[in-house]
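Grab a coffee and work through these exercises with the model open beside you. Try each task before you read its solution.

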Amino acid sequence: MINRISFLFIAVSFWITACGQVNKPDNENFNQQIYVDIDIATSMLSVTDTLYVPKAYFEDEKGFIFKLNKSLKVQVLNNQFSVKEFKKDPIKEGVLSKTYILTPNEDVVDETVMIALQYSGKIVDELKKGAAEYARGFSETKGTITEKGVYLAGSTYWLPTLEIEALWSFNLTVKIDTAWNVVSQGKRIINKEVNGKQLVKYISPEPMDEVYLIAAQWTEYSLQAGDVLVQAFLRTPDEKLANKYLGVTSGYIDLYKKLIGSYPYTKFALVENFWETGYGMPSFTLLGEKVIRMPWILYSSYPHELLHNYWGNGVFVDYSEGNWCEGITVYMADHLLQEQRGNGASYRRTSLQKFTDYVNDENDFAVNKFLNRNNSAEEAVGYGKSMMINNMLRWEFGDKKFIEAYAKFYSDNKFRKATFGDIQKSFESVNSTDLNAFFTQWIDRKGAPTLKLSDVEVKKKKKQYHLNFTLKQLQKEDVFNINIPVFVYFEGENKLTEERITMNKREQVFSLDFDKKPVRIDIDPQFQIMRRLDRKEVPASLSQVFGEKEAIIILPENSKHLNAYTALAKMWQKTQAAQGKKLSIIPDNKISSIPTDKAVWILGFDNKYSDFVNIAEKYSSVLGAEKLEQIKTLKKEGALIYAVPNPNNVYQTVGFIGANNDDAIAALSRKLLHYGKYGYLGFETEKATNVLKGSLPALDSPMNFVIDTKAEISAVIVSRKALSEVE
Ligand SMILES: [Zn+2]
């Protein structure tokens with residue numbers, strides 16, 4: 001017993017001399033004082049962790065149950081407690097943690113209970129290919145200490161993990177090999193060499209649900225942007241790259257400060273990881289070597305991860321009622337940046353298209369059941385639909401009220417766990433309205449409406465024009481109560497009129513009166529409403545072929561590339577089967593026509609059916625001379641991929657893949673999944689380098705109707721201002 005106390009005393013006193021005064025923990029919160037010693041060569045982790053837990057936690061619980069990585073040998077340093085393995089919870093195969101119970105040896109009297117634990121062991125968990133995210137293919141580790149780097153997170157159980165979900169403020173002091181450095185949440189207050197080891201200390205007064213310890217040998221760059229220190233930790237020195245990140249980061253911090261409120265932390269660090277990731281942690285982001293160098297990341301994943309400091313890592317997610325943070329992060333980062341470039345409507349259309357293509361009766365679920373994405377359907381609901389719900393809130397209440405509601409949600413819930421219900425509360429308070437019906441319909445209920453416009457007519461009575469039309473909701477599920485934007489064009493007018501109609505029946509007739517003659521009507525042409533799209537509203541794209549539950553690949557029996565095409569077909573058959581989809585394979589000489597009841601892939605320029613999808617002819621006027629010339633060359637020397645509507649059934653899509661090189665075909669078999677949103681693509685060389693991409697225009701949309709085909713229509717729909725440009 002004495003030994004333990006003196007050990008604690010020695011341990012703490014060493015650290016006090018090394019790091020200065022130990023901060024007194026806040027009584028209100030759970031607090032940890034963590035001292036870590038890492039030895040890279042042996043992968044050894046030694047931790048002295050002093051936990052401060054409110055007394056209340058011991059009153060209804062006899063013991064204190066926690067989980068810890070099973071490689072770590074634990075002992076308790078203060079004699080007030082005993083620790084032993086919790087036998088009721090035997091170790092299972094593949095489970096990383098062991099469960100322990102800590103029992104008080106005497107009555108707990110102090111308001112804040114101090115528990116000092118000491119443990120050490122080897123932490124190595126090899127990187128494994130993540131099976132779930134087929135389209136991303138990131139590797140994963142639960143936590144590891146290797147020569148390449150250190151990754152310790154909640155998933156590692158490197159700190160005691162309580163049964164209840166506590167939020168911890170913490171001080172983290174790390175001793176690690178020289179030339180290494182450490183990134184964690186909070187502010188770095190010590191970073192120096194002491195006795196042949198690097199000593200790094202972080203303080204995080206902000207409560208956290210897990211503590212990260214990331215370490216590697218980096219080159220460090222920094223820039224002070226107002227109150228926020230912007231840092232870049234790169235594995236290979238690259239000042240130009242670092243400066244790019246530091247520059248855009250201060251721009252984004254400024255943008256979100258205006259939009260939502262002050263950035264919640266004192267620093268933001270870009271950290272280069274030792275495997276490919278796109279993680280957003282509180283006050284830093286962990287991006288892989290390749291990811292970090294993709295030029296578009298600065299304007300897509302990077303602002304997304306940065307914004308997670310507000311949504312997810314500033315206001316935490318209470319997962320018991322669904323993950324709300326992805327939808328709003330996509331909306332205020334990815335969507336906002338596209339909107340700034342005038343691409344808001346097409347971004348929303350792509351998102352609705354994914355929902356339409358990937359979500360079906362079997363895999364659909366309510367947004368409040370979303371936790372994280374493991375496949376395209378989960379992404380289409382948890383990211384896409386959730387993003388569209390935010391767009392509807394903005395469209396309903398206007399830009400200013402939308403911004404005000406989220407600013408309030410942020411200040412009310414900062415460093416707390418929040419739910420969709422808290423977002424609802426904020427919108428209700430700012431707009432003085434009851435939004436129960438809206439949130440129940442969109443968050444608690446699955447599905448989306450499918451709209452159809454019909455019976456459009458104009459009647460003139462005296463000097464008034466009456467525009468009558470019918471809207472139907474075609475989905476199998478119950479009727480949705482929705483407000484829908486309707487745009488009306490007038491003869492010889494440069495301006496058009498936007499009307500809002502409310503639909504709450506399966507079929508509804510609407511009548512709008514004008515004193516000018518309406519010549520055309522568009523229903524939701526800017527994709528403001530969460531709904532399934534009609535295939536004819538949507539340009540054909542590869543994702544339609546990938547997303548279909550049943551598809552067939554037609555192989556070119558007489559092609560010299562038959563083996564390469566067959567390998568591609570077999571690989572895709574496997575990946576599709578893993579998602580419960582059926583992909584069959586058939587040679588072109590075994591069928592007499594292209595199926596119309598499923599998606600179709602036609603492989604090979606010399607496929608019997610390749611003329612079936614000859615875009616050069618059908619779309620020559622929209623492609624233009626230059627692209628047609630490029631397509632001609634690619635057909636001879638490169639690779640061409642298209643998606644077009646099946647001529648015998650526009651609701652099915654036909655995909656075509658033609659290449660002149662076996663290696664290129666192999667490369668395409670891996671690459672094409674990432675190009676799902678495109679309608680045509682061109683690639684060069686055996687590595688399949690992308691040189692051409694785009695979408696072919698949609699056929700006649702069933703969501704608009706030209707009443708007078710002879711009338712000249714000159715008005716165009718003007719996009720609204722981006723959310724960031726709202727005064
Ligand atoms: Zn995200």
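**Exercise 1: two residues in loops**

Task: find what Asn309 touches, leaving out residues up to four places away in sequence.

Solution. Start with the contact list: Asn309 touches Tyr263, Pro264, Tyr265, Phe268, Met281, Pro282, Ser283, Phe284 and Gly314, where contact means heavy atoms within 4.5 Å. Next, place the residue: Asn309 sits in the loop between H5 and strand S23 (316–317). Helices (H or I, at least four residues) and strands (E, at least two) are DSSP runs, numbered from the N terminus. Then check burial: Asn309 has 0% relative accessibility, so it counts as buried. Buried means under 20% relative accessible area, exposed over 50%, and partly exposed in between, with a 1.4 Å probe and protein chains only.

A word on the ground rules: this is a predicted model, where local features need pLDDT of at least 70 and side-chain atom pairs count only at pLDDT 80 or more, while totals for chains, interfaces and linings use all residues. Residues are numbered from 1 along each chain as its sequence is written, and side-chain values use heavy atoms, with hydrogens and water left out.

Task: do the same for Tyr265, which is one of the residues touched by Asn309.

Solution. Tyr265 lies in the loop between H3 and S20. With 5% relative accessibility, Tyr265 counts as buried. Leaving out residues up to four places away in sequence, its contacts include Glu206, Met208, Val228, Asn309 and Phe415. Finish with a distance: the C-alpha atoms of Tyr265 and Gly186 are 7.0 Å apart, though 79 residues separate them along the chain.

**Exercise 2: the zinc site**

Task: which atoms coordinate the zinc ion, and why is the arrangement irregular?

Solution. First, list the donors: His304 (NE2), His308 (NE2) and Glu326 (OE), with Glu326 (OE) listed twice, at 2.0 to 2.7 Å. Donors are N, O and S atoms within 2.8 Å of the metal (3.2 Å for Na, K and Ca); water is not among the atoms, so sites may look incomplete.

Second, look at the angles. The four donor atoms subtend 52 to 157° around the zinc ion, which makes the arrangement irregular. For the cut-offs, four donors count as tetrahedral if all angles lie between 85 and 135 degrees; four count as square planar and six as octahedral if opposite donors are over 155 degrees apart and all others between 65 and 115; anything else is irregular.

Third, read the spacing in sequence: H-x3-H-x17-E. His304 in helix H5 (residues 301–307) and Glu326 in helix H6 (residues 325–340) link distant parts of the chain, 22 residues apart. Both His304 and Glu326 are buried.

**Exercise 3: a five-stranded sheet**

Task: what is the strand order of the open sheet of five strands, and which strands are at its edges?

Solution. The order is S18-S19-S20-S22-S21, with mixed pairing. Two strands pair if DSSP finds at least two bridges between them. The edges are strand S18 (219–225) and strand S21 (278–281), each pairing on one side only. From one strand to the next, the twist averages 15°. Axes here are lines fitted to C-alpha atoms, for helices over the stretch in contact, and angles run from 0 to 180 degrees between N-to-C directions.

Now zoom in on one pair: strand S20 (residues 267–272) and strand S22 (residues 284–287) are parallel, with four bridges. Glu272 has Leu287 in S22 as its bridge partner. Last, add the helix: H3 (residues 239–259) packs on the sheet and touches S18, strand S19 (228–234), S20 and S22, making about 150° with the direction of S19.

**Exercise 4: an enclosed strand**

Task: is strand S7 (residues 112–122) largely enclosed or left open?

Solution. Count the buried residues: eight of the eleven in S7, so the strand is largely enclosed by the rest of the structure. Then find its partners. Strand S2 (residues 44–54) runs antiparallel to S7, joined by eleven bridges, and Pro54 stands opposite Thr112. Strand S4 (residues 73–76) is also antiparallel to S7, through four bridges, with Val76 opposite Leu117.

**Exercise 5: the cores**

Task: how many residues does the largest nonpolar core have?

Solution. The answer is 166, and Trp311 and Met332 are among those with the most contacts inside it. A nonpolar core is a set of buried Ala, Val, Leu, Ile, Met, Phe, Trp, Tyr and Cys residues joined through side-chain atoms within 4.5 Å. Another core, of 33 residues, lies apart from it and includes Phe546 and Trp601.
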